[in-house]
Amino acid sequence: MKIKLLASAISAALLLVSLSAGAQEDSNRYSDGTVQRGPYLTNTGADNWFIGLGGGVNAMYDNGKFGGYGLAIDANIGKWFTPAVAFRVGYHGLKDAAADPVGWFTGANPFNLHYGYADAMWNLATTLGGYKESRVWNPILYGRAAAMFTSPVGSKNIGHEFGLGGGLLNEFRLGKHVGLAIDLSALVSREKEWRNGGRFSFFPTATAGLVFHLGKSGFVRHANALPAIDIPDPAVIEDLQSQLAKAKSDLAAANSNAANLRNQLARFNNLQDGKTYDYKNGLFTETVVKEVESQMVVPEILYFDLGKATLTGRELARLEYYAENTFKKDQKLLVTGCADLGTGTKEANERLSKQRAEYVKNVLVNQFGYKADNIETKADVMPGDAPIKGRIVTIEVTK
């Protein structure tokens with residue numbers, strides 16, 4: 001009889017697992033609100049494990065009466081295989097009081113009840129509303145098969161029986177790896193071990209505690225779960241293929257035209273604006289213009305008054321023109337000062353000639369920015385048919 005009862009419990013658990021697995025593939029609602037359809041990737045052996053610890057109260061209903069209430073502890077470990085289906089095993093220990101004085105127990109004598117259990121779990125929220133890892137409340141139904149051991153307090157006599165039951169686990173998310181669990185369960189067992197002549201006893205329990213999620217949590221959809229698409233009409237496919245062939249042909253023609261234009265433009269690539277080029281045999285070559293520096297054949301002349309070593313305003317204007325337009329500041333210049341031979345002594349004329357040359361050099365350096373090292377001075381006495389032709393300074397380019 002016990003073997004049949006255990007087989008029935010295992011069959012019921014497997015049936016619940018199969019129904020849950022089928023239901024959980026119907027939908028998947030992600031955190032952004034979008035609904036997707038299963039299936040999900042199978043997690044690894046180390047993922048989605050959980051441990052539950054809790055405590056609470058229990059009672060015993062026997063022969064139409066409730067016995068006293070006692071304390072209960074509960075510890076379990078399990079694993080979620082899909083977003084909706086899990087399996088756990090655990091230990092439940094409690095102390096209770098018999099309701100009927102007939103049998104093992106007399107009056108309200110307490111007794112100990114321990115049992116190990118296996119639960120097949122089904123997440124209602126995921127099945128009905130789609131998977132959402134961040135959901136705050138997850139109501140979870142489960143079916144239970146248990147191996148039960150009882151003994152009166154203070155007695156070494158131990159009774160054993162099998163039980164079947166189920167419950168509702170309410171898990172409230174506190175964080176990614178921890179949740180608050182409120183577990184309401186009930187277990188049914190034959191009364192053979194509790195009371196002579198009885199048929200069944202009923203054990204309701206309520207516990208509260210924490211659930212700790214280990215390893216990786218959450219599930220992802222399978223990469224190959226692609227949405228179905230409508231296959232277009234063959235005529236549409238043929239038209240698209242024709243358009244593709246024409247596009248390839250047009251692209252080839254455009255590439256050929258571009259290559260031709262690049263060849264035509266290649267000969268112009270190195271041309272620069274503002275330069276002059278010669279064109280011959282399809283090629284451009286830059287026209288080389290040689291600059292020819294002009295040399296002054298006749299020096300520029302400045303005139304001085306009799307006995308003066310400075311220029312008048314009119315002659316200074318002439319010197320300004322020469323400095324800014326005739327000569328260049330990087331040229332080598334020879335400045336020759338002269339005096340007429342027919343006026344004054346030779347010594348006085350030589351001194352005056354030198355003064356006039358130095359005066360012109362100083363004007364070029366100090367007023368027009370010429371370099372003193374580039375200007376050579378020389379003194380001379382000029383004979384002539386008119387005295388004014390000897391009272392001069394000449395400027396000429398030497399290099």
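How much space lies in the largest cavity? About 360 Å³, in a predicted model. A cavity here is a set of points on a 1 Å grid over the protein atoms alone where a 1.4 Å probe fits but cannot get out; grid points are joined across faces, edges and corners, and the volume is the space filled by probe spheres set on the points. At a threshold of 30 Å³ or more, the structure holds 2 cavities.

Turning to the larger space, 24 residues line the largest cavity (lining residues have an atom within 4 Å of a point). Closest to its centre sit W80, E133, N138, E171 and H213. Among the strands (DSSP runs of E, at least two residues, numbered from the N terminus), β9 (137-152), β10 (159-173) and β11 (178-190) each chip in with at least two lining residues, and β10 gives the most, with 3. The lining of the largest cavity comes out as 8 nonpolar, 10 polar and 6 charged residues, with Ala, Val, Leu, Ile, Met, Phe, Trp, Tyr, Cys and Pro taken as nonpolar, Asp, Glu, Lys and Arg as charged, and the others, Gly among them, as polar.

The second largest cavity has a volume of about 110 Å³. Its lining runs to 15 residues, with D74, N76, R88, A181 and D183 nearest the centre. At least two lining residues apiece come from β3 (49-58), β6 (70-80), β11 and β12 (200-214), and β12 has the largest share, 5 residues. By class, this lining splits into 7 nonpolar, 5 polar and 3 charged residues.

Residues are numbered from 1 along each chain as its sequence is written. Local features need pLDDT of at least 70 and side-chain atom pairs count only at pLDDT 80 or more, while totals for chains, interfaces and linings use all residues, and side-chain values use heavy atoms, with hydrogens and water left out.

Technical notes:
On a 1 Å grid over the protein atoms alone, a cavity is a set of points where a 1.4 Å probe fits but cannot get out, and a pocket is an open set with protein on both sides within 12 Å along at least five of seven lines; lining residues have an atom within 4 Å of a point. Helices (H or I, at least four residues) and strands (E, at least two) are DSSP runs, numbered from the N terminus.
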